[in-house]
Structures are given as structure tokens and as C-alpha cells.
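Welcome! Here is a guided walk through a protein structure, written for someone meeting such models early in their studies. Please keep the view open while you read.

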Amino acid sequence: MSQTVEAMIQLDRVTRSFGDTLAVDDISFHVGAGEVLGFIGPNGAGKTTSMRILSTLDTPTSGEAWVDGFSVVDDPDRVRRRMGWMPDGFGTYPNINCEEYLDFFARSYGLRGKNRLRAIRNVMGFTQLNQLSKKPISGLSKGMKQRLCLGRALIHNPKVLILDEPAAGLDPRARIELREMILELANEGKSLLISSHILSELAEVCDRVAIIEKGKLLAIGSVDSLLNKGSEDSQEEKLVQLEVKFFSELSEAVRWFDARNDVALISSTENSIVFNYAACHKRQSKFLAELVSSKIEIYEFSEKQTSLEDVFLSVTRGEVQ
Amino acid sequence: MTEQKLAIEKIRLSGGAADSAASLDFEVSKLDNFLDPLSDWFSSILIKEARQAVKSRQFVWTYVLQLVLVAAWTAIGFATLTSQLGTGLLLGYFVILGFPLAVIIPFSGYRSLAREFDDGTIRLISITTMKPRQIILGKFGSALIQLVLYLSVLAPCISFTYLLEGISIWAIMVGLLISIGGSIFLTIFGLFLAGSFRSRNLGVGVSVVFSIALGFAYFLWIVFCFETYDGMFRGFGNEKYLIATGFTFSVGSTALLLLASVVAQISFPSDNRSTLLRVMMLLQQMLFFGWFCQLLCQEPFFRDVPKVILMITGHYWLLMGFLMCGESSNLSRRVRRSLPRTLAGRIFLSLFMPGSGRGFLFAMANVWAAFLFVMFLVVFENFLFDWSNQTRSRFGTNIFASEAEIPGMIISSLFVSWYLSLVFLFNRYFWRRMSQKFEPGYGPVISLFFGAALVASVSVVSFLIEEFFYARWHLSFRWLSDLAWSFNWYTVSFEDFTKLPSVFFIVFVIQAVMVLVLAVFLATRDFLEVAVETPERVLIERQPTKTNRLPVGESIDEIFGELPSAPRRDDEA
């Protein structure tokens with residue numbers, strides 16, 4: 001098994017099974033320094049299991065995983081110094097305030113004296129929790145708790161951050177603030193692996209995206225390459241979503257579309273129709289010519305932009321183990 | 001300008017009324033700044049739990065209640081007790097002290113760890129740089145702090161009773177030692193339970209059972225207090241001293257074993273979870289031998305010592321052997337780095353490393369050590385020392401065994417070896433077949449359950465054999481079935497072996513040796529695992545902090561965990 005030295009996170013043919021259930025099946029990928037990799041997949045796809053392995057909470061049944069060149073199985077203590085993990089739950093304590101919470105983890109990571117105080121102050125500043133330092137954790141909002149947990153993961157200034165569903169349950173403002181923090185961390189050169197169900201947000205912060213389903217890695221690449229996947233091949237027939245806008249009566253346009261067997265209407269407004277059409281580029285242009293030569297007065301014909309959600313839906317089948 | 005100076009300035013501008021408060025804040029802040037670096041020497045868990053405890057209602061209420069009860073009992077005692085005032089007051093104080101020590105502290109220790117599992121926070125602690133040992137000792141330390149706080153309420157009152165009539169310093173000391181020792185043991189047992197039963201549903205049941213058990217422990221404590229009241233512990237004879245030391249050794253070493261066990265339970269799967277446990281087991285056996293030597297020195301007429309030693313060690317290593325046979329034989333690379341590399345190391349130290357085969361051999365080696373210990377004492381008595389003549393003339397008996405009993409003793413020892421080898425052999429085979437279906441962590445427990453079922457079924461078969469032979473032929477086969485059926489080796493008279501038909505004797509010995517050799521041969525496969533080199537990057541990273549002085553791989557750090565480092569100064573960081 002080979003190890004890419006430049007990679008801050010690397011999984012090489014990692015498999016994890018629980019009895020007969022294969023939670024992670026022969027997964028390989030890497031995350032470079034300063035890179036943000038989005039990890040997406042349906043529930044039960046194996047995202048959290050993979051992240052648990054990288055976080056030194058579990059060991060793979062077979063395969064290897066490294067963080068900053070150290071094996072998560074053989075040198076977990078060294079990996080832990082370099083890695084911060086934010087789980088999908090908060091993991092807080094009763095009868096303790098924000099500062100004491102961060103102080104506990106700073107001490108647990110071996111920070112002493114002024115280094116510890118400095119680390120707490122920096123994290124408080126970064127997560128903007130300064131005003132709430134003496135507030136009991138139980139009194140914090142969900143967004144604030146999430147910030148605190150991000151602060152905990154950052155307290156020892158790790159090179160690698162693993163965030164499991166960081167935006168789950170947050171309101172729009174908290175999400176935006178979290179996104180900004182993630183981008184700032186990436187700009188500082190930290191490597192991030194983020195799993196999320198909010199794909200539009202991942203598209204904005206991630207350099208690359210990995211799609212996983214039933215423990216298998218289905219696709220990995222930059223967001224742009226995934227969005228444009230297959231579009232370069234003009235001969236290949238693919239399903240596209242098209243929108244046509246017109247001045248004519250809607251009923252007239254619907255009649256024309258209904259007469260065709262090769263399109264599937266999705267939605268319509270007073271002067272537009274969105275439909276699915278499976279064809280190569282050549283057939284698309286022929287279709288357009290036919291549409292123009294009909295009595296419908298068209299003023300716009302466009303392919304609807306593919307989103308990460310569309311890619312995710314087309315790659316996965318929505319099955320869980 | 002520092003925050004403190006700013007605060008002072010602000011208050012100065014706001015007027016003189018707040019001067020005293022500001023000055024107090026400033027002094028507290030100065031004290032805080034002075035004490036903060038000192039806190040670096042303590043476990044982070046200890047500090048967190050202390051902070052939580054101070055704010056928790058449970059602690060505050062228990063503490064206040066204890067204060068009130070102590071004050072009330074002192075007043076009532078002085079008002080009502082006319083004779084033996086000191087003893088009466090002390091009895092009451094011990095009863096009051098017993099509740100937090102026997103119930104509150106152990107249960108809060110249990111809940112403290114169980115809550116980490118319930119809330120999932122154990123995952124967050126596990127991925128810090130703290131060792132599992134530090135986590136558990138932190139939890140244990142916070143329980144000890146509570147213990148000290150509760151004791152601090154009672155200590156002046158208990159000391160005061162000594163000045164009154166009717167109570168000896170000995171009774172006070174014994175009472176305090178047993179209450180503190182008992183509380184520590186129960187706390188460790190609570191931690192062990194929390195580490196063993198991690199599922200939330202199972203945890204509820206365990207909480208209930210444990211709290212009932214603690215209630216019973218408190219009841220026992222009250223009974224003990226009344227015994228103290230009757231003056232039972234005013235003096236200690238040899239016999240009581242031996243019982244007390246035996247009890248202390250067994251409870252103390254069991255507490256250490258449980259502590260090591262809970263540390264192993266929360267360790268990372270690729271960590272070496274076995275060595276510390278084996279060291280504790282060995283320590284327990286050594287303390288046991290040591291206690292017997294003390295027994296022999298003080299009570300030389302004590303009979304049946306060899307049988308008792310064989311019985312206890314046999315049962316002990318049967319239990320521990322089952323647990324060790326369930327270990328995975330596939331060593332992680334992390335553990336293989338610390339495998340011994342020299343021939344001597346591979347022969348002796350490998351027994352302490354994880355693995356089913358090594359565990360089997362470790363158990364057997366300790367049983368054989370017990371045999372050698374007994375044989376040494378017998379030879380010493382019969383051939384090297386005239387002790388036996390003295391005791392024989394005085395008591396009409398030998399200390400250990402007569403020369404005529406020695407062959408029987410050897411056969412008996414061989415029988416125990418054979419029996420253990422056979423059940424361990426089956427056990428290891430079973431676990432090897434089942435290991436694919438279960439997580440390696442469950443191995444010891446599954447192995448123990450299978451072993452218990454195996455011993456039970458062998459006992460039933462032996463019982464049937466016994467009934468068959470004994471009823472029809474009236475031959476002396478009873479010893480054979482008795483051994484396995486009731487599993488009471490000590491009931492066997494060593495002389496019985498010499499009465500056996502020689503053919504049977506020879507057949508038994510031959511097959512016993514063959515089983516033993518086969519079991520040992522199969523176990524030695526584990527010794528074929530060779531050490532692997534530590535990656536250069538790991539060595540480089542380790543270099544500035546300390547030098548590896550030991551010749552074997554990752555050495556002591558990998559076995560016992562890295563030693564806690566002293567807080568670094570800022571200029572070093």
C-alpha cells in the first residue's frame with residue numbers, strides 16, 4: 001500500500017465491516033494541505049464510519065489510513081495531536097461554562113500555562129464567543145454550541161479538521177457564519193474533510209467532493225468537474241433538463257410537447273416550460289430546430305444548470321445498508 | 001494596560017464605594033494567576049470534575065446534610081449519652097460518614113464514567129492526547145477529592161472522641177482505614193462496571209443493581225461499626241492480623257486489577273491492552289504466595305497448605321486463562337513494535353504480550369510456578385530443614401505433606417495442568433472459529449462464557465461417570481470425577497493417587513503429557529510473530545522529548561503508556 005506524503009489525509013483501500021455488514025467498502029481518497037473535501041452520501045452510506053476511522057475512534061478491518069503521514073492505527077497519539085474532530089452531536093458537560101469547557105480540552109491536549117490561556121483566547125476570538133465565556137453551556141443556542149464545538153476541535157491548532165455534519169440544524173445566519181469560518185480555516189492552510197447533507201453549501205466551500213453510497217466511493221473530483229461530468233462528450237446521450245420560454249399561449253406549447261414521446265414535462269408557468277430530454281448534443285440541436293419551426297414563438301431556450309444535488313441524485317440510488 | 005488594571009481604573013472612576021470589592025477582585029485575580037500554573041500539574045479531568053462538583057446540587061446537599069447531621073448527633077450525644085460518651089459519639093460519626101463513603105462517592109464515580117459513555121463525550125476525551133490511564137485516574141482522583149472533603153467534616157469530630165473516655169486510637173484507625181479503603185474499592189468497582197456495561201439500556205439496570213449493592217455495603221458498614229462499639233478491634237491477635245493482611249492484599253490487588261481492566265477497556269483497539277493486566281495478575285499471585293509464607297512463619301501447624309494453594313491458583317488461572325484465551329492472536333503493528341527482540345526477551349517477556357496463545361502459556365506458567373512453590377516448600381520441609389521433626393513431635397503431624405504424599409502431589413499437579421490445558425485447548429479452538437463473527441474486543445467475554453459452559457458440561461459428564469463406576473465396581477475412581485465434577489481439587493487426598501492401579505496411572509500420565517505438549521505446541525505459534533521497526537518519522541518526533549533506553553522496540557512507553565510529562569515552561573514551548 002502506498003502513501004502519498006503530501007496528503008494530509010489519506011485513505012487507502014479502507015474497509016470496515018461489522019459482522020456481515022460492510023459499512024465502508026474499499027475506499028481510497030486523499031485530501032491535500034489547505035484543501036477542503038466534501039463528503040456526501042445518504043444516511044448509512046459510511047461517512048461517519050470513515051470519519052471515525054480517521055479520528056482514531058475506530059480501526060479499519062483492512063486497508064490503511066494516514067493523517068499527516070502517521071497511520072491512524074499504529075500512531076493514533078500522533079494523529080490526535082494533528083487532528084481536530086467535530087462529531088454530529090455536541091458532546092457538552094453540565095455545570096460548566098464555555099471557558100471552562102475549552103480550558104478542559106486545552107489541558108487534555110497538553111497545553112500548559114500561558115499557552116493554554118492564549119489558545120483559549122484565540123479560539124474564543126475566532127468563534128466569537130468572547131461575550132459568552134462565562135455563560136453555562138446549557139444556556140447556549142444550538143448555533144453557539146456548534147461554534148463552541150468547533151472551538152474545541154481547534155483548541156490545539158490542528159492541521160487537519162474532520163467535521164461531521166457541522167451545519168445540521170443551524171439557522172441560515174449560523175450556517176453562513178459557519179461557512180465563513182470554514183473558508184477562513186482553509187485559507188490558513190488547514191485540511192478539512194466535511195460531511196454534510198446541505199449540498200449547496202458544500203459546493204461553495206469545497207475544493208473537491210466525494211460521493212459515497214453503501215460504503216462505496218461512487219465519485220470524487222472537483223465540484224466543477226462533477227457538475228460538467230460527461231458534457232464534453234457530444235456523442236454521449238445524457239438526460240438534461242431544459243427550459244423554454246415563449247410568447248405564445250401555454251396550452252398551445254403544452255399541446256406541442258404532449259405530442260412528443262421523447263420529453264417529460266416537469267413544470268410550467270404562464271410562459272415557460274421545464275422538461276427532461278435524453279439526447280446527445282446533435283439531437284438537442286435538431287430538437288431546437290423543430291421547436292423553432294413550430295408555431296410557438298420562442299424567445300429563450302436553455303439547459304438548466306446542474307447543481308450538486310443533481311449530481312448526487314444521478315450518482316446515488318438513495319439506498320442504505 | 002492589563003485587564004485587571006483596566007478594571008481597577010474603571011472602578012476608581014466610578015467612585016470609592018466599590019473600592020473594597022475591586023481590591024478583593026484584584027486580590028482574587030492575583031491569587032488565581034499565582035495558582036493557575038500549579039493547576040497544570042493536575043489531571044484535566046480532575047479539574048473539570050472538581051468545577052462541576054462544586055456547582056452540582058448533589059454534592060452541595062450531601063455536604064450540607066452531613067454537616068447538619070454531625071452537629072445534630074454531637075448535640076444529641078452530649079445530651080443523652082451518659083456512659084461511654086466517646087464510643088457512642090464515634091459510632092454515630094462513623095454511621096454518618098459511611099453514607100457518603102459507601103454510597104455517594106462510589107455511585108458518583110460510576111455515574112461520572114457512565115455519563116461519558118451515555119453522552120458520547122468519551123469519544124471527545126479519547127481523541128485528545130490523554131492516555132486511557134490518565135482518564136481513569138482522573139475520574140478516580142475526583143472521587144478521592146470528594147472523599148477528602150467528606151472526611152474533612154468528620155475528622156475534627158472523630159479526633160475529638162479520642163479525648164473522651166471509652167475509645168482507643170486503634171478502633172478509630174481501623175474504622176477510618178476500613179471506611180476509606182472500602183470506599184476506594186467500591187469506587188474502583190463502580191468505574192469497572194461503567195467501563196464494562198456501556199450501553200444505555202444495560203446501564204440503567206446496572207445502576208439499579210449497583211445502588212442496591214452499595215446500600216447493602218452501607219448496611220455492612222453499620223454492622224461493622226457496632227462490632228467496633230463492642231470493642232472487637234481493640235486488640236489484634238495473630239489470627240486476626242493474618243486475616244486482615246490477607247483481606248487487604250486480596251482486595252487491594254483486585255482493585256488494581258479492576259483499575260487496569262477498565263483502562264484496557266477504553267484503550268484504542270491497536271493498543272497493548274494485555275501487559276498491564278498480566279502484570280497485575282502476577283502481582284496478585286505473588287502477594288498470595290507472600291501471604292502464605294507469612295502464614296507459615298506465624299502459624300506453622302497450619303494443615304493442607306499445598307492443597308489450598310493448588311486449589312486457589314487453579315481456580316484463579318482457570319478464570320483468567322479463559323479471559324486471556326479470548327484475546328486476538330493478530331497483533332497490531334503498534335504492539336509488534338514492542339515485541340522483544342532478544343532470545344531471552346522472546347522467551348520470558350513475550351508471555352506478557354497480548355495474544356491467545358501467549359495468554360494460555362502465561363496462565364499455565366503461573367500454575368506451574370504455584371506447583372514449584374509448593375514443591376519447594378515440601379522439599380524444604382522434608383529434606384533441608386528439621387522443622388518437620390519439631391512439628392511432628394509437637395503436633396503429631398507434618399506442616400505440608402509427608403514423603404509418601406509427594407508422588408500424589410506431583411500427579412495432582414499434573415492433573416491440574418492436564419485439566420487446564422484441555423479446557424483452554426477447546427476454548428482457544430472455539431474462539432478461533434468464532435472470531436470472524438465478533439469484534440476482537442468481545443473475545444475475552446465470549447471466551448469466558450464458553451469456558452464456563454465447557455466446565456459445567458465436563459462436570460456433568462464426570463458426575464455421570466462417577467455414578468456409573470462407583471455404583472457398579474466400587475473402585476476408587478471417585479477422585480477423577482470429583483476433580484472435575486465439583487472442581488474441588490483440594491478435596492483430593494494426595495495419598496489417593498498412590499492407590500490407583502498402575503496401568504491406569506501410566507495411561508493417565510501419558511495422555512496428560514500428550515495433551516499438555518499439544519496445547520503448548522499450538523500456543524507457541526504466537527511466538528512466531530516478529531517485531532517490526534518503528535517508522536523513522538515516529539522515532540524522529542520522539543527524539544527531542546526523551547531517549548529510549550530499553551533495547552526492545554517501543555519499549556516501556558508502548559506497554560504502560562508514556563509517562564506524564566512535566567508542564568512545559570513557555571520559553572520551552
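The report below looks at each chain in turn and then at the place where they meet.

## The two chains at a glance

Before we begin, please keep in mind that this is a predicted model. Let us start with chain B, which has 23 helices and zero strands. Chain A has a mixed make-up, with 11 helices and 14 strands. If you trace the C-alpha atoms of chain A, they fill a box of roughly 80 × 50 × 35 Å along the principal axes.

How much of each chain is buried? In chain B, 46% of the 573 residues count as buried, while in chain A the figure is 55% of 321 residues. Now turn to the outside: chain B exposes about 29,300 Å², and carbon and sulfur atoms supply 70% of that area. Chain A exposes about 14,300 Å², with 47% supplied by carbon and sulfur atoms.

Contacts tell us how parts of a chain that are separated in sequence meet in space. Take the contacts with a separation of 6 or more: in chain B, residues 24 or more positions apart account for 78% of them. For chain A, the corresponding share is 68%.

## A sheet in chain A

Now find strand E1 of chain A, which covers residues 9–18. Is this strand enclosed or open to the outside? Eight of its 10 residues are buried, so E1(A) is largely enclosed by the rest of the structure.

E1(A) belongs to an open sheet of four strands, and the order is E2-E1-E4-E5 with antiparallel pairing. At the edges stand E2 and strand E5 (70–71) of chain A, each with a single partner strand, so one side of each is left without a neighbour in the sheet.

Let us look at the two partners of E1(A) in this order. On one side, E1(A) is joined by seven bridges to strand E2 (residues 21–31), and the two run antiparallel. You can follow this pairing residue by residue: A:Phe18 stands opposite A:Thr21, and A:Ser17 stands opposite A:Leu22. E1(A) and E2(A) form a hairpin with two residues between them, and A:Gly19 in the turn has a positive phi of about 65 degrees. With strand E4 (residues 62–67), E1(A) pairs in the antiparallel sense over five bridges. Here A:Asp12 stands opposite A:Glu64.

## Inside and outside chain B

For a residue on the inside, go to B:Thr62 in helix H4, which spans residues 57–80. Why does B:Thr62 count as buried? Its relative accessibility is 13%, and the cut-off for buried is under 20%. Leaving aside the neighbours within four places in sequence, B:Thr62 is in contact with B:Ile104 and B:Tyr150.

For a look at the outside, find the nonpolar surface patch of about 900 Å², whose members include B:Phe78, B:Phe160, B:Trp170 and B:Met173. Helix H7 (132–163) and helix H8 (169–196) of chain B each supply at least two residues of this patch. Which helix gives the largest share? That is H8(B), with five residues. B:Trp170 lies in helix H8, and this residue is partly exposed, with a relative accessible area of 36%.

## Where the chains meet

Finally, turn to the interface. Here 42 residues of chain B are in contact with 51 residues of chain A. The size of an interface is often given as the accessible area lost when the parts come together. Between chain B and chain A, the buried area is about 4,200 Å², of which carbon and sulfur atoms give 48%. On the chain B side, the residues that lose the most area to chain A are B:Leu124, B:Ile127 and B:Phe268, together 17% of what that side buries.

Charged side chains take part as well. How many salt bridges cross the interface of chain B and chain A? The rule finds nine. One salt bridge you can look up is formed by B:Asp40 and A:Arg116, whose closest N and O atoms are 3.0 Å apart.

Methods: Residues numbered from 1 in each chain as written. Chains lettered and ligands numbered in written order. Heavy atoms only, no water. Buried < 20%, exposed > 50% of the residue type's maximum accessible area, 1.4 Å probe, protein only. Contact = heavy atoms within 4.5 Å. Areas by Shrake-Rupley, 256 points an atom, 1.4 Å probe, with all protein chains shown as cover. Patch = residues over 30% accessible without salt bridge, like charges linked within 9 Å, V, L, I, M, F, W, Y side chains within 5 Å. Salt bridge = Lys/Arg side-chain N within 4 Å of Asp/Glu carboxyl O. Pairing = 2+ DSSP bridges. Buried area = accessible area lost by both parts, 1.4 Å probe.
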